[in-house]
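Q: Could you teach me how to read the helices of a model, one feature at a time?

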Amino acid sequence: APADEDGLDLQSIPGVTAEVAAALAKKGVTTLENIVELGEAGLKSVKGIGDARARTIFTYAKKKLALG
């Protein structure tokens, strides 16, 4: 999958399939920061993301950002 300018491949995030990555990108979500800003509730509004997946994606993004 093509990475964006920041070099983030959305599909490298646990729980993000090609379909979910496309849905996130359509919402303008292309960075870990975007994911954290969206939050779990926002992630759940994305096609293909339920409670567990939202938590997995959000937790991963927060951890990655904390680690730098």
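Q: What phi does glycine 28 take just after helix 1?
A: In this predicted model, where local features need pLDDT of at least 70, side-chain atom pairs count only at pLDDT 80 or more, and totals for chains, interfaces and linings use all residues, glycine 28 takes a positive phi of about 85°. Residues are numbered from 1 along each chain as its sequence is written, and side-chain values use heavy atoms, with hydrogens and water left out. Helices are DSSP runs of H or I with at least four residues, numbered from the N terminus.

Q: Which residues of helix 1 are buried, and why do they line one face?
A: An α-helix has 3.6 residues a turn, so residues three or four places apart point the same way. In helix 1 (residues 18-26), the buried residues (under 20% relative accessible area, with a 1.4 Å probe and protein chains only) are Val20, Ala21, Ala23 and Leu24. Seen down the helix axis, they fall within an arc of 165° (taken from the directions from the axis to the C-beta atoms), so they line one face of helix 1. Glu19 and Lys26, which are exposed (over 50%), sit on the face turned away from that buried side.

Q: Where is the kink in helix 2 centred?
A: A bend at a residue is the angle between axes fitted to the seven residues ending there and the seven starting there; in helix 2 the kink, of about 85°, is centred on leucine 38. The end C-alpha atoms of this 13-residue helix are only 16 Å apart, short of the 18 Å that a straight helix would reach at 1.5 Å a residue, the expected span being 1.5 Å times one less than the number of residues.

Terms used. Helix = DSSP H or I, 4+ residues; strand = E, 2+ residues; numbered from the N terminus.
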